Amino acid sequence: MARVVDESRSAIMPSALQKKIAIECSCSHDYSVMADVNLLNTVLRNLLSNAVKFTSVGGITVSHSIIQIENGRYTIEFIVEDTGIGIEKGKIAGLFDSFSQGDPSTTRKYGGTGLGLAITKKLVKMMDGDIRVESDIGVGSRFIFTIKAQIIRNYIEQEKTKAI
């Protein structure tokens with residue numbers, strides 16, 4: 001999982017460096033999953049790219065963790081958090097709709113078509129997950145999404161095996 005996050009982060013890093021924004025990874029354990037890596041990479045790149053676009057000061061953090069295990073499938077939660085411009089509470093509900101953006105002035109200032117988050121939501125749904133956002137104007141945004149996958153190699157289980 002760390003490899004996918006790192007690849008996504010590396011792809012967006014030139015834009016972040018140009019704006020002097022750090023992209024940190026706060027991931028405690030590494031594990032390999034049976035999931036569509038291309039879909040996951042696309043979702044992470046889109047969210048990180050948006051975070052860079054709407055952040056001028058501060059930084060971005062991406063993290064992931066296992067939040068549930070059910071019937072041999074793991075629910076993995078990803079969080080992409082930025083210190084950007086934020087989104088008005090009333091605009092969040094339509095944020096994942098096609099051709100919708102938080103504010104028309106945002107389109108003029110930052111560009112975009114309003115399709116990125118709609119596509120991202122569809123990709124997350126394809127991975128049996130969900131996506132949501134928490135945000136405060138002037139403070140930043142947290143995009144939280146989950147996917148369901150089977151773990152192939154789990155760092156935690158490997159450590160338990162070594163101890164036995």
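This report describes the overall make-up, two secondary-structure regions and the salt bridges of a predicted model.

**Overall make-up**

The protein holds six helices and six strands, and these follow one another along the sequence in the pattern α-β-β-α-β-β-α-α-α-β-β-α. Of its 164 residues, 41% are buried, while the accessible surface comes to about 9,100 Å², with 52% of that area belonging to carbon and sulfur atoms. When contacts between residues at least 6 apart in sequence are considered, 70% of them join residues at least 24 apart.

**Helix α2**

Helix α2 covers residues 37–53, which makes 17 residues, and its span from the first C-alpha to the last is 24 Å, close to the 24 Å expected at 1.5 Å a residue. Its N-terminal end is capped by aspartate 36, which places a side-chain oxygen 3.0 Å from the backbone nitrogen of asparagine 38. The buried residues of α2 include Leu39, Leu40, Val43, Leu44, Leu47 and Leu48, and among them are also the polar residues Asn41, Asn46 and Asn50.

**The β3–β4 hairpin**

Strand β3 (residues 59–70) runs antiparallel to β4, and 10 bridges join the two. One of the facing pairs is isoleucine 60 in opposition to aspartate 82 of β4. Two residues lie between the strands of this hairpin, and asparagine 71 adopts a positive phi near 55° there. Strand β4, which spans residues 73–82, is mostly covered, since eight of its 10 residues are buried.

Beyond β4, the loop that leads to α3 (89–92) contains glutamate 88. Is this residue buried or partly exposed? Glutamate 88 counts as partly exposed because its relative accessibility is 41%, a value that falls between the 20% limit for buried and the 50% limit for exposed residues. Its C-alpha lies 9.9 Å from that of glutamate 134, although 46 residues separate the two in sequence.

**Salt bridges**

Side chains of opposite charge can pair when their charged atoms come close. A search of the whole structure finds eight salt bridges, including the three listed here.

| Salt bridge | N to O distance |
|---|---|
| Glutamate 7 – arginine 3 | 2.8 Å |
| Arginine 9 – aspartate 6 | 3.2 Å |
| Arginine 132 – glutamate 134 | 3.9 Å |

Glutamate 7 and arginine 3 both belong to helix α1 (residues 2–18), where they are four residues apart, about one turn of the helix. Arginine 3 is exposed, with a relative accessible area of 52%, whereas glutamate 7 is partly exposed at 33%. Arginine 9 and aspartate 6 also lie in helix α1, and because they are three residues apart, about one helical turn separates them. In this pair arginine 9 has a relative accessible area of 22% and is partly exposed, and aspartate 6 is likewise partly exposed, with a value of 39%.

The bridge between arginine 132 and glutamate 134 has an N to O distance of 3.9 Å, which satisfies the criterion that the nitrogen be within 4 Å of a carboxyl oxygen. Arginine 132 is partly exposed at 43% relative accessibility, and glutamate 134 is partly exposed with a relative accessible area of 37%. Which residues are joined with these two into one network? Salt bridges that share partners connect Arg132 and Glu134 with Glu81 and Arg142.

Key
Residues numbered from 1 in each chain as written. Predicted model: local features only at pLDDT ≥ 70, side-chain atom pairs only at ≥ 80, totals over all residues. Heavy atoms only, no water. Expected span 1.5 Å × (residues − 1). Buried < 20%, exposed > 50% of the residue type's maximum accessible area, 1.4 Å probe, protein only. Polar contact = N/O pair within 3.5 Å; in protein donor to acceptor, adjacent residues only side chain to side chain. Contact = heavy atoms within 4.5 Å. Areas by Shrake-Rupley, 256 points an atom, 1.4 Å probe, with all protein chains shown as cover. Pairing = 2+ DSSP bridges. Salt bridge = Lys/Arg side-chain N within 4 Å of Asp/Glu carboxyl O.
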